[in-house]
Amino acid sequence: MGGQSRKWMILVATIWIQAFTGTNFDFSAYSSEMKMKLGVPQVQLNYLATASDLGKALGWSSGLALNNLPLWTVMFAAAIMGLVGYGAQWLVINGTVAAPYFAVLLLCLLAGCSICWFNTVCFVLCVKNFPSNRPLAVSLMVSFNGLSAALYNLAAKSFSPSSASVYLLLNALLPLVTSMVALIPILRQPPVVTLPPDAVKRDQVTFLPLNCLAVITGLYLLFLHPSNMSMACLLFAGAIVLLVLPLGIPGIIYAREWFNNAIYTSLHLNDSGFTLVDAEDLELHKQLLSRENSAVNCMISSHDVDGSMNEVSRQNTRTAEGRSCGIIIRKDQLAMLGEEHEAKMLIRRLDFWLYFVAYFCGGTIGLVYSNNLGQIAQSLGHSSLNSRLITIYSSFSFFGRLLSAAPDFIRPKAYFARTGWLTVALLPTPIAFVLLAVAGNDIMAVQVGTALIGFSSGFIFAAAVSITSELFGPNSVGVNHNILITNIPIGSLVYGFLAAIVYDMNGTSASGLLGDPIVCMGKKCYFYTFVWWGCISVLGLASSLLLFLRTRPLYLEFERNRISPTLY
């Protein structure tokens, strides 16, 4: 019983770590001040954001570290990298030390790498302690990473409301403090045991109140805004209390016997599950598909010639358009869900590149939008509302991440391919960019557009690990997902460069002197950027739709085999 309670404390510890290590999401809060301090144009400011995102592509380094060092050591190594990366930037922006632009670029890269290492630590903890409910644990844990900017916004207003540089100081210190607090649960990890099916299902039910509490936390940060420093301190303390409340889960574990007898049996969960695809189901599916293929081969070998001729005749009656569409849908199609793909095999798959383009033109473009929020708010004359926009993006990113677990919860009632959910999640992004392009400096339109983009990108970030596992194999998910997210620094560079070029072309020197930082004011600063980003996001939507059409039969076949294995 004690071991069971400790695994829930591990989950809460990963939630704390995620909540305070999404430090890249508050870049727009201090980017304008950093730009003025370094005296660089928008293009070079974009390179700083790209360097931070490039650190995420170094995920393989954290895997190597975990192979040779204890997990808690890797966690503190990540905290030290963040302390140095953000702490040195704080000293630069405050004028305490002078550093060339290239040095600041390296500091951003180091800070981005620290985020990646923290993410790896949290992922390993969830997978190890919740092997049967991995999608639910990972989805809940990753969701809180979306709240980081909102939490840092409250913390900054609690300590120094008038200084943007305080974000860098908090980015340096809070992850280290959180690592110290999370150390005890991590050191007291319970032994890994195989749970019986009824215990797995009871764990699934336990995730329901945790998700409800997460929703309350998100709403709290979204709708309560401090009017002064004292109120900010009070609200920040309330947010900390909400993050501590999940520690009551061990009490639920000890009361489980009563819960099981009084309530659980009335839920009739014996024939349902919360995960769309898990490892055991994938193995079963592979065996069933192998048997089915054998049966089909026997039928084909005994099929008469007349039947073959009729089939050929039917195929010849198809129209040219139908043949072209069929070729696109079936070309290099996956044979089944969960088939393991090594890196060389992965990059030759059409489905992978459709998935890559959907992520690149969807989630990544939303991240670049958040990096530019500071300049967007400034150009539209809403600099005072920059922190509000950051909170909106952060909160809706959190809700999007949290909602990515919905397919797992509603599976018994409505089964839908996860790639289909990806397509639905990409819909708000082009709508948002059209709204931003036509609305001008209407603050309500900017807030709605920011919310839609945050929600869409948050869903994609959280769902990506599960989709990668389902399409290309659970055992290869670590390597394959790191290959997938190489699109983030590429997108950060390309999309950010596009935005920076348009910004600098329409801006003027702040002081009118040559060589001073360029400042752009008005709708023209980002109008063409929003148009281009909107067109690119439509490409991502089309790519995800094609991926869904190609993989939908696999998901339906998988679900049919899962429900009726005895038919085979």
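The bend at a residue is taken as the angle between two axes, one fitted to the seven residues ending there and the other to the seven starting there. In the predicted model described here, this quantity amounts to about 35 degrees at Val 181 of helix 9, and a proline, Pro 185, follows that position within four residues. Helix 9 itself covers residues 166-187, and its 22 residues reach 32 Å from the first C-alpha to the last, which is close to the 32 Å expected at 1.5 Å a residue.

At the level of the whole chain, the secondary structure comprises 28 helices and 2 strands. Of the 568 residues in the protein chain, 56% are buried, while the surface that the chain exposes comes to about 23,700 Å², with carbon and sulfur atoms supplying 68% of that area. When contacts in the protein chain are restricted to those between residues at least 6 apart in sequence, 85% of them are found to join residues that are at least 24 apart.

The structure holds 1 disulfide, which is formed by Cys 520 and Cys 525, with a distance of 2.0 Å between their sulfur atoms. The torsion about the S-S bond of Cys 520 and Cys 525 is about -95 degrees, and the disulfide is therefore left-handed. With regard to solvent accessibility, Cys 520 has a relative accessible area of 0% and is therefore buried, because residues under 20% are assigned to that class; Cys 525, at 0% relative accessibility, likewise counts as buried.

Two further cysteines may be set beside this pair. Cys 212 has a relative accessible area of 49% and is accordingly classed as partly exposed, and Cys 535, for which the corresponding value is 48%, is also partly exposed. Both assignments follow from the cut-offs in use, because a residue counts as exposed over 50% and as partly exposed between that limit and the 20% under which it is buried.

A valine in another helix was also examined. Val 241 lies in helix 11, which spans residues 229-244, and its relative accessible area of 47% places Val 241 in the partly exposed class. In sequence, Val 241 and Thr 217 are 24 residues apart, whereas in space the two residues are separated by 9.7 Å, C-alpha to C-alpha.

Technical notes. Residues are numbered from 1 along each chain as its sequence is written. This is a predicted model: local features need pLDDT of at least 70, side-chain atom pairs count only at pLDDT 80 or more; totals for chains, interfaces and linings use all residues. Side-chain values use heavy atoms; hydrogens and water are left out. The expected span of a helix is 1.5 Å times one less than its number of residues. Buried means under 20% relative accessible area, exposed over 50%, partly exposed in between (1.4 Å probe, protein chains only). Contact means heavy atoms within 4.5 Å. Accessible areas come from the Shrake-Rupley method with a 1.4 Å probe; for residues, only the protein chains shown count as cover. A disulfide is a pair of cysteine sulfur atoms within 2.5 Å.
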